Amino acid sequence: MNNNNEYDFWALRARLGVLATSRYVDGYAQAEYSGIYGLPNDAFARPGGALGLGALYYTENGQNVSPGDVHLKQAYLNFKFEPLGLPGLFLKAGRFEVREGLEYRTGDVKFDLLKANRVSQRLLGTFDFTHASRNFDGMEAVYDRPDFNISLSATHPTQGGFNIHAQDEISDIDLFYTALTSKKDTLLPGTEGRLFYLYYGDDRNTEAIDNRAAGQKPMLSQSGLKIHTLGTHWLTVQKWGDGAADALLWGAYQFGDWTNQTHQAWAFDVEGGYQWAGLPLKPWLRGGYFLGSGDDNAADGRHETFFQVLPTVRLYAKFPFFNLMNLSDAFAQLIVTPSQAIRVGIDFHHLSLAEAGDLFYAGAGASSRSGSFGYLGRPSTGRSTIGELVDLSFTHNITQELSWTAYYAHAFGGDYVDNFYRQKQDADFAFVEFNLTF
């Protein structure tokens with residue numbers, strides 16, 4: 001009642017950078033302008049909260065209907081040790097991007113597409129779908145050899161995501177990430193594997209979102225988050241008949257402190273697919289199942305909701321009204337390629353809560369120094385079915401420099417949504433985007 005649940009807005013993101021290279025060191029600096037125009041100032045339901053991305057941009061940017069900002073996106077030095085007899089060793093310092101799971105690319109188009117869209121940034125990424133991306137201040141060391149890659153970074157994230165004022169570093173969040181990747185074909189033909197560790201510490205002046213009552217949760221500045229994540233992924237693409245089969249296994253286990261609670265959580269993802277290369281449109285059919293743990297008891301002193309840390313959430317929730325926390329997601333996907341320049345995808349998801357006694361979560365992690373945790377949690381209603389999501393995406397590369405994308409999604413709400421939003425069950429999301437690079 002009395003809220004705006006149908007609206008549009010416009011956005012512009014422009015970047016310009018300069019790169020200088022030498023035998024011993026490379027230097028890079030990049031500026032970014034982010035502008036969003038015509039945001040709704042009344043897209044809020046009670047008790048439903050923000051209705052859509054426009055409402056989130058409005059609340060995270062000082063309730064400004066047309067915010068704009070110029071900020072330093074990247075500025076770093078990358079030292080190369082090959083002239084010193086250590087080929088493959090690099091040390092980067094400054095402000096840069098981190099995309100966990102994408103430490104190297106194979107050069108195989110299909111394999112790298114799966115890495116970029118189904119492996120990378122589940123837990124740590126740039127949130128690049130938004131109009132001001134997240135960056136990282138600190139250092140990164142890489143040792144890259146033909147058979148393996150070792151990467152580690154120690155950073156603080158910047159603001160970004162729904163908060164477009166991305167110049168400021170969030171110094172109260174500490175990140176440490178390291179990964180050992182066995183490159184494609186090293187252990188098994190057409191297969192790569194990764195083992196990784198991620199630490200997240202958060203002492204901001206804000207309150208964590210979980211299924212406890214508000215009065216039972218200390219501020220993070222008093223009792224913060226100290227979350228350790230151990231994980232792995234295994235990805236393979238194998239020629240089979242006139243096409244190729246693919247399979248993915250991803251898993252993570254978490255432990256540590258969630259304010260004054262003990263944190264233990266987990267998640268896994270299993271996927272597989274096949275592409276018929278000899279048929280018209282080269283249809284590629286994929287399916288899978290993801291499960292991220294939830295917390296069924298708010299009073300037992302344990303926090304068991306899987307924490308997605310700082311992901312690029314839209315890779316795994318193209319209509320991002322949900323994320324991978326306390327979630328069960330069974331999905332199927334069909335991709336066709338009418339030409340080398342055009343790709344069309346149709347996705348279907350059946351979504352439900354892993355634990356009906358926990359919250360229904362959305363968001364992509366911290367985007368502000370204080371005031372906002374970075375995740376939303378809709379209260380439990382005792383029901384678990386979120387519903388079904390069907391979406392269609394179309395990408396056309398007109399030239400190497402110019403491309404455009406169109407996207408439309410419809411969500412059919414289940415019993416949770418029907419109860420929580422008072423018989424308002426469905427949602428739609430659509431956009432058209434043009435990209436020019438030079």
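How many helices and strands does the secondary structure of the protein come to? The count is three helices and 22 strands. Keep in mind as you look around that this is a predicted model.

Let's start with the whole protein. Its radius of gyration is 22 Å, close to the 22 Å that the globule rule gives for 438 residues, so the protein is as compact as a globular protein of that length. If you draw a box along the principal axes, the C-alpha atoms fill roughly 60 × 55 × 45 Å. Buried residues make up 50% of the 438 residues. As for contacts with a separation of 6 or more, 65% of them are between residues 24 or more positions apart.

Now for the strands. β8 pairs with strand β9 (residues 173-182) in the antiparallel sense, over eight bridges. One place to look is Phe148, whose bridge partner in β9 is Ser182. From β9 you can carry on to strand β10 (residues 191-202): these two also run antiparallel, and 10 bridges join them. Here Leu175 stands opposite Tyr200 in β10.

Next, the empty spaces. Rolling a probe the size of a water molecule over the atoms shows where such space is left. The second largest pocket has a volume of about 560 Å³. It is lined by 21 residues, and the closest to its centre are Lys92, Glu97, Leu102, Glu103 and Glu140. Which elements give two or more residues to this lining? They are β5 (68-80), β6 (89-96), β7 (136-144) and β8 (148-157). β8 gives the most, with four residues, and β8 is also the strand that pairs with β9.

There is also one cavity of 30 Å³ or more in the structure. The largest cavity holds about 40 Å³ of space. Its lining consists of Arg118, Arg122, Asp269, Phe290, Tyr316, Leu324, Asp329 and Phe331.

Here is how the two linings divide by residue type:

| Lining | Nonpolar | Polar | Charged |
|---|---|---|---|
| Second largest pocket | nine residues | five residues | seven residues |
| Largest cavity | four residues | no residues | four residues |

So what charged residues should you look for around the largest cavity? Among the residues that line it are Arg118, Arg122, Asp269 and Asp329, and the lining has four charged residues and no polar ones. In the second largest pocket, Lys92, Glu97, Glu103 and Glu140 are among the residues closest to the centre, and seven residues of that lining are charged.

Technical notes. Residues numbered from 1 in each chain as written. Predicted model: local features only at pLDDT ≥ 70, side-chain atom pairs only at ≥ 80, totals over all residues. Heavy atoms only, no water. 1 Å grid on protein atoms, 1.4 Å probe; cavity = no way out; pocket = protein on both sides within 12 Å on 5 of 7 lines; lining within 4 Å. Points joined across faces, edges and corners; volume = space filled by probe spheres on them. Nonpolar A, V, L, I, M, F, W, Y, C, P; charged D, E, K, R; others polar. Pairing = 2+ DSSP bridges. Rg over C-alpha atoms; globule rule 2.2 N^0.38 Å. Buried < 20%, exposed > 50% of the residue type's maximum accessible area, 1.4 Å probe, protein only. Contact = heavy atoms within 4.5 Å.
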